[in-house]
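Trainee: Could you take me through the surroundings of the ligand in detail, and also set one residue outside that region against it, so that I can keep my bearings?

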Amino acid sequence: MKQKEWLTQEHRIFQESAKRFMAKEVLPHIEQWEQERLIPRELWRKLGDQGYLCPWLPEEYGGLGVEYTYSIVFQEEVVRTTFYSLATGLRVHADIAAPYISRHGSEEIKRRILPGCVSGETILALGMTEPDCGSDLAALRTSAVKDGGDYVINGQKTFISNGINCDWVVLAARTDPKAPRHRGISLVMVPSDAPGFSRGRRLDKMGLRAQDTAELIFEDCRVPQEYLLGKEGQGFSIMMENLSQERLAICLGALVQAERMLEMTLDYVKTRTAFGQTIGSFQANSFKLAEMATEVTMGRTFYESLVDSFVAGEDVSTQVAMGKWWLSEMANRVAYACLQLHGGYGYMEEYPICRMSRDVRALPIVGGSTEIMKQIIAKRLGL
Ligand SMILES: Cc1cc2nc3c(=O)[nH]c(=O)nc-3n(C[C@H](O)[C@H](O)[C@H](O)COP(=O)(O)OP(=O)(O)OC[C@H]3O[C@@H](n4cnc5c(N)ncnc54)[C@H](O)[C@@H]3O)c2cc1C
């Protein structure tokens with residue numbers, strides 16, 4: 001594989017330290033956290049102490065002031081521990097919500113919220129999806145109405161990652177019901193201690209079980225108007241501008257999980273025997289593994305070129321949409337075949353392939369579904 005031009009010795013040191021951190025602080029606890037359906041806040045503080053959260057933020061807001069590429073190498077180590085629950089919460093916090101604040105928050109908001117995002121004292125959530133709308137985000141109904149110096153917010157959000165642990169929500173709400181759908185939406189910061197804010201159910205999911213996913217409820221919830229990000233009516237365009245970065249993180253998650261599942265399965269089929277030979281030596285299985293190795297390697301090559309273009313500042317929105325749907329569907333094909341090759345053991349919780357097969361199922365849905373990605377690509381094709 002061609003060496004990434006942007007990957008320096010400092011990146012490697014950062015990556016190695018993240019690898020050691022994951023082995024010591026995360027890997028031994030995964031099963032417990034999956035059962036408890038929560039990653040403890042303490043881990044966020046430990047991540048912050050090591051400088052892993054939002055390292056790209058300027059030093060004046062507590063960050064290391066380094067390039068975003070440090071986040072990319074860190075994410076890779078998180079996913080490689082085979083713990084996608086953590087990667088999901090971190091992606092929302094550090095790669096989506098924090099950039100909205102750093103780019104569009106007032107100086108006061110940035111100084112108040114961002115240092116905690118770096119130290120791990122503050123956890124962010126992103127409230128877009130509602131019970132009646134997800135893909136068609138412009139249809140959202142949660143309202144934020146001006147009253148005195150406040151916004152009064154009413155509505156409900158669902159499927160919100162970090163919904164239980166979060167201290168601040170970047171909330172998408174309709175501030176102008178008369179404006180065209182996209183232009184009536186704004187982003188408002190809501191602290192978890194705001195009057196009228198409450199958490200609904202902690203949702204029980206098929207996978208990503210340690211990831212706290214919840215409903216959020218706003219009943220005459222009051223926040224000062226200074227908590228607006230950007231200008232009124234800009235919410236939709238702000239949400240769209242950061243999508244490449246968000247989807248790139250999902251591409252990486254899908255790819256690295258596919259790689260790990262394949263590695264584990266290769267180890268397994270070389271030792272498990274049936275009918276007097278290893279199961280990997282049956283041609284039906286070895287061809288299946290050869291096909292998966294091909295898909296994973298081609299996926300890696302595509303992803304690396306995508307990251308290089310992204311780092312070079314090119315517009316990669318169409319390619320990211322291609323990578324997002326293809327890599328997440330590929331990870332699911334790999335999960336199905338790898339679990340099958342594990343036989344009954346694959347269906348048992350003690351084998352990570354069991355949990356990973358559940359976790360990757362979310363990938364073609366979150367961050368824009370496979371169908372929405374194809375819609376974006378088709379539009380670019382002039383269809
Ligand atoms: C684990 C998890 C974590 C999440 N975290 C967050 C979060 O932190 N914050 C947040 O705001 N949201 C979050 N979500 C919500 C996620 O973004 C939505 O689930 C996703 O956008 C799809 O929306 P929906 O579930 O309403 O499905 P719908 O929009 O109802 O879609 C249902 C099906 O219809 C298809 N469909 C929709 N429109 C079209 C079309 N035009 N053409 C063809 N097919 C179409 C979809 O692809 C899908 O297959 C999370 C979801 C999950 C599962």
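Mentor: Glu60 is placed in the loop that runs between helix H3 (41–49) and helix H4 (69–80), and in this predicted model its side chain makes a polar contact, at 3.4 Å, with the side chain of Arg111. From Glu60 to Glu371 the separation is 311 residues in sequence and 41 Å in space, taken from C-alpha to C-alpha. Glu371 brings us to the ligand, since it is listed with Thr129, Ser135, Phe159 and Ser369 as the residues that come nearest, out of the 16 around the ligand.

Three of these residues can be described atom by atom. In Ser135, a polar side-chain atom lies 2.7 Å from an oxygen atom of the ligand, while in Ser369 an N or O atom of the side chain is 2.6 Å from a ligand oxygen atom. Phe159 takes part through its backbone, where a polar atom is 2.9 Å from a nitrogen atom of the ligand. Taken on its own, the ligand has 970 Å² of accessible area, and the protein covers 63% of this.

The space that the ligand takes up is the largest pocket. Strand S3 (150–161) and helix H12 (370–380) are the elements that give two or more residues to the shell around the ligand, and by class this shell holds nine nonpolar, six polar and one charged residues. Because domain 2 (126–236) and domain 3 (242–380) both contribute residues to the shell, the ligand lies between these two domains.

Key. Residues are numbered from 1 along each chain as its sequence is written. This is a predicted model: local features need pLDDT of at least 70, side-chain atom pairs count only at pLDDT 80 or more; totals for chains, interfaces and linings use all residues. Side-chain values use heavy atoms; hydrogens and water are left out. A residue is near a molecule or strand if one of its heavy atoms lies within 4 Å of it. A polar contact is a pair of N or O atoms within 3.5 Å; within protein, one must be able to donate a hydrogen and the other to accept it, and residues adjacent in sequence count only if both atoms are side-chain atoms. Accessible areas come from the Shrake-Rupley method with a 1.4 Å probe; for residues, only the protein chains shown count as cover. On a 1 Å grid over the protein atoms alone, a cavity is a set of points where a 1.4 Å probe fits but cannot get out, and a pocket is an open set with protein on both sides within 12 Å along at least five of seven lines; lining residues have an atom within 4 Å of a point. A molecule sits in a cavity or pocket if more than half of its atoms lie within 2 Å of its grid points. Helices (H or I, at least four residues) and strands (E, at least two) are DSSP runs, numbered from the N terminus. Ala, Val, Leu, Ile, Met, Phe, Trp, Tyr, Cys and Pro count as nonpolar, Asp, Glu, Lys and Arg as charged, and the others, Gly among them, as polar. Domain bounds come from an automatic or database domain assignment.
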